[in-house]
Amino acid sequence: MAFFEQFGKRITDTGQGVVQQTKNFADVTRLNSEVSDMEKKIAQLYASIGRAYYERHQEDPAPEHRQEVEEIRRLVAEIAQRQEEIKQIRGIVKCPSCGADVPVQAAFCNACGTKMAPASPAAEPPAGDAQLCPACGAASPKGNRFCIHCGAKFRETENETENQEG
C-alpha cells in the first residue's frame, strides 16, 4: 500500500509542478509582452523627439547633427522624386488649383473642376468603374465630383448624402 501512496503523491506533486510551470510561463509571457510594448513606446518617443528636433533645427542644426539632417533632406527629396515617377507611371498629375491627383487625360480636375492642361494623345482612359457625365456623356471614374472631360459637376451620390447627414 505504501507504494501506491508514494506513487499517488508523486503524481500529485508532478501535476502541481506542471501547473506552477504553466503559470510561470504565462506570467513571463505577459511580462515580456508588457516590456515589449513599453520598448515600442520608448522608440516612438525617441522618434518623436528626433522629428521635433529636425523640424525646429533643419535650417540650423548643431554641428554633431548636421550630417543626419542633410541625409534626411536628401532622402525626403528622393522620396518625392520616386513618388512623382509613380504618378507618371500611373498617369496622374497634380491639379494646379487644389493639388488633387487627376488622371493625365482629364480635361478638368475631378475635385475642384479646374480646367487641366491638354493631355497627350497617347493617354489612356481610366480603367475600372466609371460614371457617365450628365452633361457630355463621357465616362469618369466613380467618386469624382466633377467630370474629367467637360468639368460638369456630378450630382451627389446617396453615400455622400448619408456621410454628410451622419
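I began with Asp-101 and looked up how open its surroundings are: in this predicted model, Asp-101 has a relative accessible area of 38%, and it counts as partly exposed. Next I turned to the partner of its side chain, and found that Asp-101 and Lys-94 meet in a salt bridge, with N and O 3.1 Å apart. Lys-94 is also listed in my notes as partly exposed, at 44% relative accessibility.

I then asked which residues are joined into one network by salt bridges that share partners. The members are Glu-71, Arg-74, Glu-78 and Arg-82.

Within that group I looked at one pair in detail, and noted that the side chains of Arg-74 and Glu-78 form a salt bridge at 2.2 Å from N to O. Arg-74 and Glu-78 are 4 residues apart in helix 2, so about one helical turn separates them. For Arg-74 I wrote down a relative accessible area of 38%, which is partly exposed, and for Glu-78 a value of 27%, which is partly exposed as well.

I went on to Glu-70, whose salt bridge with Arg-73 has its closest N and O atoms 2.5 Å apart. Both Glu-70 and Arg-73 belong to helix 2, which covers residues 66–90, and they sit 3 residues apart, about one turn of the helix. Are these two buried or partly exposed? Glu-70 is partly exposed, with a relative accessible area of 40%, and Arg-73 is partly exposed, at 27%.

Last, I checked how many salt bridges are counted, and the number I entered is 8.

Definitions and conventions:
Residues numbered from 1 in each chain as written. Predicted model: local features only at pLDDT ≥ 70, side-chain atom pairs only at ≥ 80, totals over all residues. Heavy atoms only, no water. Salt bridge = Lys/Arg side-chain N within 4 Å of Asp/Glu carboxyl O. Helix = DSSP H or I, 4+ residues; strand = E, 2+ residues; numbered from the N terminus. Buried < 20%, exposed > 50% of the residue type's maximum accessible area, 1.4 Å probe, protein only.
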